[in-house]
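Please read the points below with the sequence and the model side by side. They are set out as a colleague's note, and each term is explained where it is introduced.

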Amino acid sequence: MNGKRENLWNERKTLKIMLVIVFFFILGLAFASVKENNSLQMGTAVSPEMLETRWSQEYKLCLPGMVDKLNINTADQKDLEALPGVGEKIAQEIIFYREKHGLFQTTDEIVKVSGIGIKKLNQMKEFIRVE
């Protein structure tokens, strides 16, 4: 008889712990949703235009011809890193080259940057422009 009470007590204790965990999980989700303030809500109609606007803000470079080409004379490090074949180090090199030698006159001139050769130029050429 004592064993049954102990089992019942352990089950209730486990249930209470699980309820507390679920409560804090739901509370965390609610807090994150309020903090984000741009999440889609259930029951909200989502048009393709709304999704396109949201995605265009999140993904600057997608497919050739889908968005404006990146101006390598004004692009910041984050935008440069989004180019194919360009990581943190090469993005820094591009910015350093611009500061030292001035603006690029043509897109082909980017091969003068340390770490960029013809192969990388060909990878990124359809995504870049100069102004």
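1. A definition comes first: a salt bridge is a side-chain nitrogen of Lys or Arg within 4 Å of a carboxyl oxygen of Asp or Glu. For charge, Lys and Arg count as positive and Asp and Glu as negative, while His and the chain ends are not counted. A residue is called buried under 20% relative accessible area, exposed over 50%, and partly exposed in between (1.4 Å probe, protein chains only).

2. The model is predicted, so that local features need pLDDT of at least 70 and side-chain atom pairs count only at pLDDT 80 or more, whereas totals for chains, interfaces and linings use all residues. Residues are numbered from 1 along each chain as its sequence is written, and side-chain values use heavy atoms, with hydrogens and water left out.

3. The chain holds 5 helices and 2 strands. Read from the N terminus, the order of elements is α-α-β-α-α-α-β. Helices (H or I, at least four residues) and strands (E, at least two) are DSSP runs, numbered from the N terminus.

4. Of the 131 residues in the chain, 20% are buried. The accessible surface comes to about 10500 Å², and carbon and sulfur atoms hold 59% of that surface. Such areas come from the Shrake-Rupley method with a 1.4 Å probe; for residues, only the protein chains shown count as cover. Among contacts (heavy atoms within 4.5 Å) with a separation of 6 or more, 43% join residues 24 or more positions apart.

5. Which residues touch the most other members of the largest nonpolar core? They are Leu80, Leu83, Ile94 and Ile110, in a core of 19 residues. Helix H4 (88–101) and helix H5 (118–124) each supply at least two residues of this core, and the largest share, 5 residues, comes from H4. A nonpolar core is a set of buried Ala, Val, Leu, Ile, Met, Phe, Trp, Tyr and Cys residues joined through side-chain atoms within 4.5 Å.

6. On the surface, Val20, Phe23, Phe24 and Leu27 make a nonpolar patch of about 410 Å². Phe23 belongs to helix H1 (residues 2–36). Patches are made of residues with over 30% relative accessible area and no salt bridge; nonpolar side chains (Val, Leu, Ile, Met, Phe, Trp, Tyr) are joined within 5 Å, and like charges within 9 Å.

7. How many salt bridges does the rule give? The count comes to 2. Side chains of opposite charge can pair when their charged atoms come close. In one pair, Lys125 meets Asp108, with the closest N and O atoms 2.3 Å apart. This pair links distant parts of the chain, 17 residues apart: Lys125 is in the loop between H5 and strand E2 (128–129), and Asp108 is in the loop between H4 and H5. Lys125 is partly exposed at 33% relative accessibility, and Asp108 is partly exposed at 38%.

8. Arg129 and Glu131 also form a salt bridge, at 2.2 Å from N to O. Arg129 is partly exposed, with a relative accessible area of 27%, whereas Glu131 is exposed at 66%. Glu131 lies in the segment after E2. Apart from residues up to four places away in sequence, Glu131 touches Asn71 and Asn73. Glu131 and Ile72 are 59 residues apart in sequence, yet their C-alpha atoms are 8.4 Å apart.

9. Arg98, in helix H4, deserves separate attention. Is Arg98 buried or exposed? Arg98 is buried and has no salt bridge; the nearest side chain of opposite charge is that of Glu99, 6.3 Å away. Leaving aside neighbours within four places in sequence, Arg98 is in contact with Ile72, Asn73, Thr74, Ala75, Leu80, Leu103 and Phe104.

10. Glu109 is located in the loop between H4 and H5. Glu109 counts as buried, because its relative accessibility is 16%. Not counting residues up to four places away in sequence, Glu109 touches Tyr97, Leu103 and Phe104. Between Glu109 and Leu121 there are 9.3 Å from C-alpha to C-alpha, and the two residues are 12 apart in sequence.
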